[in-house]
Amino acid sequence: MAQQFPNLSRIDLNQLLALQAILEERHITRAAARASLSQPAMSRVLSRLRAALGDELLVRSGVGYERTPRGDRLLQELEILLPRLNTVIGGNDFDPSTSQQRFRVTGTDYAAGVIVSGTVRLCRKLAPGVRVEVIGWTEDSYHYVEMGRCDVALGVGSVPTPPKGLKVEVLYQEHFVCLMSADCKFKGKRFSLDEYLCRSHAVVATAEGRQTMIDRPLADLGQARNVALQSPYFMATALNIVGTDLIFTVPMRVALALSKLANFRQILPPQEIADFPYTMIWHPRLGGDSGHVWFRDQIRAAVK
């Protein structure tokens with residue numbers, strides 16, 4: 001067996017767990033506490049890992065440590081390898097009340113505030129040891145799901161289109177609403193397209209400086225909004241429109257949450273801005289895993 005896998009003889013499973021803690025924490029004392037080791041013991045483990053792997057793994061940078069390129073690659077691989085090893089060794093039984101499993105979700109600010117927040121509340125009641133990690137949405141988010149770096153992606157319909165082979169489930173249909181300062185002078189309940197376009201807008205940029213589900217149908221009509229404020233954050237943008245004439249177009253579930261921050265006026269957008277499906281995406285390899293099945297069920301329950 002050693003001849004078949006010669007590199008495995010240089011390291012054991014406990015060292016892999018310590019390696020993950022070291023690379024994630026980038027701090028010897030915190031990694032030691034996480035691995036239930038003393039600080040000197042963790043320092044000795046790091047020395048052995050450096051020797052076994054032929055790399056410094058962590059190097060000093062200012063007042064702390066930074067991972068080396070090899071350390072970055074090892075951490076990415078460990079994030080995939082260790083959960084799989086745990087399932088292989090422990091079987092596929094999942095007990096929420098005792099589990100300490102980590103579930104990784106990638107999504108936008110909207111997903112984190114609207115969907116993940118409700119999911120976390122359910123998890124805290126049913127599985128207090130479970131850890132939920134949110135990874136910000138990037139153009140690589142679906143690739144993260146393919147590679148096992150994320151367990152679930154929460155996205156808008158098929159924009160962008162998920163790679164073939166991933167599982168896609170529509171969680172619900174969402175629609176937009178326009179938030180304006182409570183003292184706005186508009187009298188109607190819905191903007192016409194001309195009324196909408198002649199006003200100035202605040203925008204949360206979710207993809208290439210645009211809100212795709214709003215700006216794409218407008219672009220198809222040869223139109224574009226007059227953007228006076230652009231921000232990556234829903235909450236900050238909402239607070240920034242108070243006392244202004246700006247329109248902030250957001251999904252209804254976001255509007256409900258933001259309306260708790262200030263007294264906003266809600267107006268329907270032009271009919272050209274349609275409803276859209278919000279989806280949950282995962283890799284088929286997680287389809288039958290009892291822990292991941294349970295976690296996806298919590299997401300479904302949170303959005304109902």
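**Asp151, the nonpolar cores and an open sheet**

User: At 5% relative accessibility, does Asp151 count as buried or exposed?

Analyst: In this predicted model, Asp151 is found in the loop between helix H6 (141-147) and strand E5 (152-156). Buried means under 20% relative accessible area. Because its relative accessibility is 5%, Asp151 counts as buried.

User: Which backbone nitrogen does the side chain of Asp151 reach at 2.7 Å?

Analyst: Leaving aside neighbours within four places in sequence, Asp151 is in contact with Arg102, Phe103, Arg104, Ile281, Trp282, Leu286 and His292. Among these residues is the one whose backbone nitrogen the Asp151 side chain reaches at 2.7 Å, namely Arg104.

User: Which helix gives the largest share of the largest nonpolar core?

Analyst: The largest nonpolar core has 53 residues, and those with the most contacts inside it include Ile115 and Leu154. Leaving aside its neighbours within four places in sequence, Ile115 is in contact with residues including Leu154, Leu171 and Tyr278. The largest share of this core, 6 residues, comes from residues 109-126, which form helix H5.

User: Which are the edge strands of the open sheet of 5 strands?

Analyst: The strands of this open sheet follow the order E9-E8-E10-E7-E11, with mixed pairing. Within the sheet, strand E8 (residues 200-204) runs parallel to strand E10 (residues 247-251), and 2 bridges join them. An edge strand pairs on one side only, as is the case for strand E9 (226-231) and strand E11 (264-267).

Notes:
Residues numbered from 1 in each chain as written. Predicted model: local features only at pLDDT ≥ 70, side-chain atom pairs only at ≥ 80, totals over all residues. Heavy atoms only, no water. Helix = DSSP H or I, 4+ residues; strand = E, 2+ residues; numbered from the N terminus. Buried < 20%, exposed > 50% of the residue type's maximum accessible area, 1.4 Å probe, protein only. Polar contact = N/O pair within 3.5 Å; in protein donor to acceptor, adjacent residues only side chain to side chain. Contact = heavy atoms within 4.5 Å. Core = buried A, V, L, I, M, F, W, Y, C linked by side-chain atoms within 4.5 Å. Pairing = 2+ DSSP bridges.
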